[in-house]
Every structure is written in C-alpha cells, then in structure tokens.
Amino acid sequence: DVPEDRLCNTDEDETKRPLSNFASGNVFEFADDWGNPIVYLHRRDYKERVVYVTVHPETGERMENSVTARKSPKTGDYYQRKRFQLLSAGPDGAFGTADDIANFDLEPAEEE
C-alpha cells in the first residue's frame, strides 16, 4: 500500500516479469521528497559500494552516485552498525553533500 508518488525508477531498470504485485516490470525504489531513491544499506553490506541514479532538481540531468555506508569520524565505526542505514541525497539530488538526510545524525566533519 505504498502511494505511487513514493516510488521511483530513476535508473530505468526493469524485468521481463514483474517482481511485485505491480503489473509493470519496473524495478521501483522508495522515493524521497524530491523524487530520488532512498538508499537502503543492510549492515552485512556496509563494505559494498552501490550505484544509485538521481535526477538533478533544476536541470533534470540523471546523475550516477556511488554510495557506501557512512562511518562516524569520531569513532571510526559505521553508523547503525547493528542495523541498517537509510540515506537520501536531499534537495540537491547528489549524495555526499551537506544536505544529505539519514536515519542517524550526520556529523559535519563527514560532509564533502
């Protein structure tokens, strides 16, 4: 029961047969408030690098973003090390910038 406006497929990937209850073969991700995918990283995948495609809010240009789990600069440990991380690129549509949003507190020293 996810509202359609909370789904996106910015990388335009699809399958021949639907993987969900939707008739479409589109592989949807949950969307943030700006229409870009929310990154979900399970703790077992924290060392992996994943690629997400976002859309620039002003130009509409598709941008490839390489994303990894975030670590605390203070402790050197992963945030949410026993759970998962959720990351949004925020209003600018680019990961790794000061307007990123997460399910943990991002420390200023970490921002690029």
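## Close-up views of a predicted all-strand model

**View 1. N65 and the residues around it.** Setting aside neighbours within four places in sequence, N65 is in contact with V50, V51, Y52, T54, G93, A94 and F95. This is a predicted model, and we begin with a residue that sits in strand β5, which covers residues 62-67. Is N65 buried or exposed? Its relative accessibility is 8%, and buried means under 20%, so N65 counts as buried. One of its contacts, T54, can be looked at in detail: the side chains of N65 and T54 make a polar contact at 2.8 Å.

**View 2. Y52, a contact of N65.** Follow N65 to Y52, and another set of contacts comes into sight. Apart from neighbours within four places in sequence, Y52 is in contact with E29, P37, I38, V39, Y40, M63, E64, N65 and F95. F95 appears in this list and also among the contacts of N65. Y52 itself belongs to the largest nonpolar core, and so do V39 and F95.

**View 3. The largest nonpolar core.** Which residues make up the largest nonpolar core? There are 12 in all: V39, L41, Y46, Y52, V67, A69, Y79, L87, A89, F95, F104 and L106. Some of these can be placed on strands: V39 and L41 fall within β3, residues 39-42, and V67 falls within β5, residues 62-67. L87 falls within β6, residues 84-88.

**View 4. The open sheet β3-β6-β7.** Here 3 strands form an open sheet in the order β3-β6-β7, with antiparallel pairing. β3 and β7 stand at the edges with a single partner strand each, so one side of each has no neighbour in the sheet. How many bridges join β3 to β6? There are 4 bridges between these two antiparallel strands. On the other side of the pairing, β6 is joined to β7 (residues 101-102) by 2 bridges, and these strands also run antiparallel.

**View 5. L87 and S88 in strand β6.** Let us zoom in on individual residues of the sheet. L87 in β6 is the bridge partner of V39, and L87 also stands opposite A102 in β7. V39 and L87 are both members of the largest nonpolar core. Next along the chain, S88 stands opposite I101 in β7.

**View 6. D100, in the loop before β7.** Where does D100 lie? You will find D100 in the loop between β6 and β7. D100 has a relative accessibility of 7%, so D100 counts as buried. The side chain of D100 reaches the backbone nitrogen of G96 at 2.6 Å. Not counting residues up to four places away in sequence, D100 touches R70, S88, A89, A94, F95 and L106. Of these, A89, F95 and L106 belong to the largest nonpolar core.

**View 7. Stepping back to the whole protein.** After the close-ups, a wider look helps to place them. The protein has 0 helices and 7 strands, giving the pattern β-β-β-β-β-β-β along the sequence. Its C-alpha trace spans about 45 × 35 × 25 Å along the principal axes. What share of the 112 residues counts as buried? The figure is 33%. Among contacts between residues at least 6 apart in sequence, 45% join residues at least 24 apart. The accessible surface comes to about 7,600 Å², and 47% of this belongs to carbon and sulfur atoms.

Note on methods
Residues are numbered from 1 along each chain as its sequence is written. This is a predicted model: local features need pLDDT of at least 70, side-chain atom pairs count only at pLDDT 80 or more; totals for chains, interfaces and linings use all residues. Side-chain values use heavy atoms; hydrogens and water are left out. Two strands pair if DSSP finds at least two bridges between them. Buried means under 20% relative accessible area, exposed over 50%, partly exposed in between (1.4 Å probe, protein chains only). A polar contact is a pair of N or O atoms within 3.5 Å; within protein, one must be able to donate a hydrogen and the other to accept it, and residues adjacent in sequence count only if both atoms are side-chain atoms. Contact means heavy atoms within 4.5 Å. A nonpolar core is a set of buried Ala, Val, Leu, Ile, Met, Phe, Trp, Tyr and Cys residues joined through side-chain atoms within 4.5 Å. Accessible areas come from the Shrake-Rupley method with a 1.4 Å probe; for residues, only the protein chains shown count as cover.
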